[in-house]
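Subject: Structure handover and notes

Dear colleague,

I am passing on the structure we spoke about, together with my notes on it. Please have the sequence and the coordinates open while you read.

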Amino acid sequence: MHIAELLARQAAGEGGILSRAFRRAARSAFLWPEEAAQLIAQKRSLTELRSVGPFIETQIRRWLDEASPARKPPVIRQDFISLAQARQLLATKPEWEKRLRGDLQMHTQWSDGSGTVAEMADAAIERSYEYIAITDHSKGLKIAGGIDEHQLQKQGAEITKLNVSLQKSGRELMVLRSIELNLNPRGQGDMSSESLRALDLVLGSFHSSLRRSEDQTERYLAALRNPHVHILGHPRGRIYNFRIGLSADWPRVFAEATRLDKALEVDCYPDRQDLNVHLLKLAREHGTRISLGTDAHHPWQLEFVQLGLAAILRAKLLPQKIVNFMPIVDLKKWSTIGFRSRHCVWI
C-alpha cells in the first residue's frame, strides 16, 4: 500500500478540491484489483483504477519513476490490506476461500443500503453462498435510516417470503433475519427484547463515543454480556485516515468472548478492516470465534469479503473458529440452542 500512503500524504499537503481528490484516491486504492506498477508495466492507463484521473495518474507515475521510498504510515493508516494484495495471498491458498459459506453483515434499502433484500440474495447466490444475514441498522441510528420494531417485523415477513421462493426455485440460499443493533457505551441495545428474540442472529455495534482515548475494556465486556448479542461488529470503530478507534485490554476482551462463546467481527469494508491482523493474532491465542461481514451497502460490495479472508489467513486463525465456515445447521445451532442463557449475565 505504498501508493495509498503517498496519496494520503499528498492530500494532507493540498487544499480544497485537490486535497479531496487525493484523499479519495488513497481510500480507493484498497479496491484496486491490480497494483499501479503492474498496469504501467503492461502499458495500460492508471485511469482504469478507481478515483484516478489524468492529474493523479501523472503524480503516481512520477512517484514510481523516482522510486519514492516507502515510509511507515501513521497509526491511523496502518495495517490495512488492498484488494490486490488480498487476491495475491488468497491465490496461494485457494482452498481457504472455498470454505466460505456466507456473509454476516450487509445493509439493504430498509436502512442505508441501495439494494433490496432480493438483490443482495441474488448477489450471494452468484457467489454460491449457503446463507447471508441481513443486518440493517436499528432505530437508534437515525442518520443511517435505522428501522424500528414494526419495520423489523415487516422485513422479517419479506425475508420469510423470499426464503420460501428460493426454496421452491431450487436455489440453495437461506436469508437470515438479523440486525445491526446499535449499542450504547454501556453495551445496551435500542430494540425490544421481544423483537430481538425473533431473529436468527444479532450483530451488536458501537456507533457513538468512538474517539475516546481512555481504556474501553468495560464497554466491550458489557456488550459481550448482553444476552441478545451474538457477534460484536467492527469492534474498534476505526476508519482509515479518519478515526483511530478505541483501545482496550484486548486479551481480556477476547478471553471473555471465548468464555461466552460469542464472536468478534472482521468488518471487511475497505476503510474499516476491523478487527485488523494484529488483533486477530490475539484472538487466535485466546481461541475466540471470528465472524466475517462485508458491511456491504450495494450488491457488488460482497467482494469485500476477500479483505477479511486475507486478514484471517495472515493471522493464521484456525478454520473451526471462523463462524462463516460453519454449515447453516451448525451456525443456527450455535446461535440458538441455549445461547441466550448460557453464561450470559446482564449487568
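The notes below cover confidence, helix packing, the buried helices and some single residues.

Please keep in mind throughout that this is a predicted model. The protein averages a pLDDT of 94, and 96% of the residues score at least 70. The stretch to treat with care is residues 342-347, where pLDDT stays under 50 and for which the model has 19 contacts beyond four places in sequence. Where pLDDT is low, the predicted coordinates should not be read in detail.

Helix packing

Two packed helices are described by the angle between their axes and the distance between the axes, and I have used that description for three pairs.

Starting at the N-terminal end of the numbering, helix α1 (residues 2-13) packs with helix α2 (residues 16-28) at an angle of about 160°, their axes being 8 Å apart. The two helices are therefore roughly antiparallel to each other, and α1 passes α2 in a left-handed crossing. On the α1 side the contact is made by A4, L7, A8, Q10 and A11, and on the α2 side by S19, F22, R23, A25 and A26; by class, these are seven nonpolar, two polar and one charged residues.

The second pair is helix α5 (residues 83-91) with helix α13 (residues 305-314), whose axes are 9 Å apart and meet at an angle of about 55°, which makes α5 oblique to α13. Here too the crossing of α5 past α13 is left-handed. L83, Q85, A86, R87, L89 and L90 of α5 meet Q306, L307, L309, A310, L313 and R314 of α13, and the residues of this contact divide into eight nonpolar, two polar and two charged.

The third pair consists of helix α7 (residues 117-126) and helix α8 (residues 149-168), whose axes come within 11 Å and cross at roughly 40°, so that α7 is oblique to α8. In this case α7 passes α8 in a right-handed crossing. The residues that meet are V117, A118, A121 and I125 from α7 and E158, I159, L162 and L166 from α8, a set with seven nonpolar residues, no polar ones and one charged.

Enclosed helices

Which helices are largely enclosed by the rest of the structure? One is α13, in which nine of the 10 residues are buried, so that the helix is largely enclosed by the rest of the structure. The buried residues of α13 are V305, Q306, L307, G308, L309, A310, A311, I312 and L313, and they pack against α5, α6 (94-98), β6, α12 and β7 (289-293). Just after α13, K316 takes a positive phi of about 60°.

Another is helix α10 (residues 217-225), where seven of the nine residues are buried, so this helix is likewise largely enclosed by the rest of the structure. Its buried residues are T217, R219, Y220, L221, A222, A223 and L224, and what covers them includes β3 (174-183), β4 (201-206), β5 (231-232), α11 (250-260) and β6 (263-267). Within α10, T217 is buried with a relative accessible area of 2%, and, leaving aside its neighbours within four places in sequence, T217 is in contact with S247, A248, D249, R252 and V253.

Loop residues

The loop between β6 and α12 (277-286) holds D271, which counts as buried at 8% relative accessibility. Beyond its neighbours within four places in sequence, D271 is in contact with R27, F80, R238, I239 and Y240. L275 is also found in the loop between β6 and α12, and a cis peptide bond with omega of about 15° joins D274 and L275.

Two further residues deserve a look for their backbone angles. K43, in the loop between α3 (36-41) and α4 (54-65), has a positive phi of about 55° although it is not a glycine, and K43 is exposed, with a relative accessible area of 77%. D79, in the loop between α4 and α5, has a phi near 65°, again a positive value in a residue other than glycine, while D79 is partly exposed at a relative accessible area of 29%.

With best regards

Conventions: Residues are numbered from 1 along each chain as its sequence is written. This is a predicted model: local features need pLDDT of at least 70, side-chain atom pairs count only at pLDDT 80 or more; totals for chains, interfaces and linings use all residues. Side-chain values use heavy atoms; hydrogens and water are left out. Axes are lines fitted to C-alpha atoms, for helices over the stretch in contact, and angles run from 0 to 180 degrees between N-to-C directions. Helices (H or I, at least four residues) and strands (E, at least two) are DSSP runs, numbered from the N terminus. Angles under 35 degrees count as roughly parallel, over 145 as roughly antiparallel, 65 to 115 as roughly perpendicular and the rest as oblique. A crossing is left-handed if the near helix is turned anticlockwise from the far one by less than a right angle, and right-handed if clockwise. Contact means heavy atoms within 4.5 Å. Ala, Val, Leu, Ile, Met, Phe, Trp, Tyr, Cys and Pro count as nonpolar, Asp, Glu, Lys and Arg as charged, and the others, Gly among them, as polar. Buried means under 20% relative accessible area, exposed over 50%, partly exposed in between (1.4 Å probe, protein chains only). pLDDT is the predictor's confidence in each residue, from 0 to 100.
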